[in-house]
Amino acid sequence: MRIDIITVLPELLESPFEASILKRAIQKGLVEVHLHNLREYGMGNYKQVDDYQFGGGAGMVLMIEPIDKCISSLKTERKYDEVIYLTPDGETLNQAITNELSLKGNLILLCGHYKGVDQRVRESLVTREISIGDYVLSGGELAAAVLSDAIIRLLPGVLNDETSALTDTFQDNLLAPPVYTRPSNYKGMEVPKILTSGNTPKIEQWREEEALKRTQSRRPDLL
Ligand code: 6GU
């Protein structure tokens, strides 16, 4: 997979890909992530990327031309499965969407800023619009990092047994059960006896029950 991220703030997106699981996925060659500074496609001597909105009103709007130039230049190199615009008025991200996107080949992620992008970008260049939840961020960058992380960890070979995605919360529409590690007694707080019993089928059964209980009490909407 290859992810190309278009942004006016590439520095905000560097560190998420330079640590831990995402870094290792890139090093292993399982995914390529490329950051593109929209300003390099900006207009005129000042490399302008945004302008006042027609009709008046506060807030700048990202112009279509730099975005079109950047996307067109990427598209001359390879085909893309989706051009995703990160925006709070997009479709709300969930595990089903993440699973679906993890099966794609090449993705462009376009980060919005200020009042967003010219509507014509959304109508002519973007194939999908995604939000990461009902709250507003300063820009699409952190949302692009969240989306990339959620996708990349699902790619074959990225996770090992210990970090397996199969037991994730949401992967079966249930929250994950409680987990414990040593010591088995900490200041009188005991680990459930079943977990130290060595009885694997019983442990599995307990985990399923706990997952169900936790989902019922915290997220009944998932059931
Ligand atoms: Cl994708 N962008 C911004 N700016 N805010 C958000 C968001 C995206 N998703 C939730 N809030």
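Domain bounds here come from an automatic or database domain assignment. On that basis the protein chain divides into domain 1 (2-152) and domain 2 (169-222). The centres of the two domains, taken over C-alpha atoms, are 38 Å apart. The model is a predicted one.

Start with the overall dimensions. Along its principal axes, the C-alpha trace spans about 70 × 40 × 30 Å. The radius of gyration is 22 Å, whereas a compact globule of 223 residues would come near 17 Å. The secondary structure consists of six helices and nine strands.

Next, the packing. Of the 223 residues, 39% are buried. Take the contacts between residues at least 6 apart in sequence: 74% of them join residues at least 24 apart. The chain exposes about 13,200 Å². Carbon and sulfur atoms supply 51% of that area.

Charge comes next. The protein chain carries 25 positive and 32 negative charges. The mean positions of these two sets lie 5 Å apart.

Now follow the backbone. Most residues other than glycine have a negative phi, and most peptide bonds are trans. Three places in this chain deserve a look against that background.

Lys 47 comes up early in the walk. Its phi is positive, about 55 degrees, although Lys 47 is not a glycine. The residue sits in the loop between strand E2 (32-37) and strand E3 (50-52). Is Lys 47 buried or partly exposed? Its relative accessibility is 37%, so Lys 47 counts as partly exposed. The cut-offs behind that label are under 20% for buried and over 50% for exposed.

The other two places share a loop. Asn 173 is found between H5 and E8. Pro 183 also belongs to the loop between helix H5 (141-152) and strand E8 (185-186). Asn 173 is not a glycine, yet its phi is positive at about 65 degrees. With a relative accessible area of 45%, Asn 173 is partly exposed. At Pro 183 the feature is the peptide bond itself. Arg 182 and Pro 183 are joined by a cis peptide bond, with omega about 5 degrees.

Return to domain 1, which covers 2-152, for a loop and the helix after it. Asn 94 lies in the loop between strand E5 (82-92) and helix H3 (95-101). Asn 94 has a relative accessibility of 41% and therefore counts as partly exposed. Look from there to Glu 32, 62 residues away along the chain. The C-alpha atoms of Asn 94 and Glu 32 are separated by 23 Å.

Step into helix H3 and the setting is that of Ile 97. How is Ile 97 placed, buried or exposed? Its relative accessible area is 5%, so Ile 97 is buried. Which residues is Ile 97 in contact with, leaving aside its neighbours within four places in sequence? They are Glu 91, Thr 92, Arg 128 and Ile 130. Glu 91 and Thr 92 fall within the range of strand E5 (82-92). Ile 97 can also be set against Ile 151, 54 residues apart from it along the chain. Their C-alpha atoms are separated by 9.2 Å. Ile 151 falls within the range of helix H5 (141-152).

Conventions
Residues numbered from 1 in each chain as written. Predicted model: local features only at pLDDT ≥ 70, side-chain atom pairs only at ≥ 80, totals over all residues. Heavy atoms only, no water. Helix = DSSP H or I, 4+ residues; strand = E, 2+ residues; numbered from the N terminus. Rg over C-alpha atoms; globule rule 2.2 N^0.38 Å. Buried < 20%, exposed > 50% of the residue type's maximum accessible area, 1.4 Å probe, protein only. Contact = heavy atoms within 4.5 Å. Areas by Shrake-Rupley, 256 points an atom, 1.4 Å probe, with all protein chains shown as cover. Lys, Arg positive; Asp, Glu negative; His and termini not counted. Charge placed at Lys NZ, Arg CZ, Asp CG, Glu CD.
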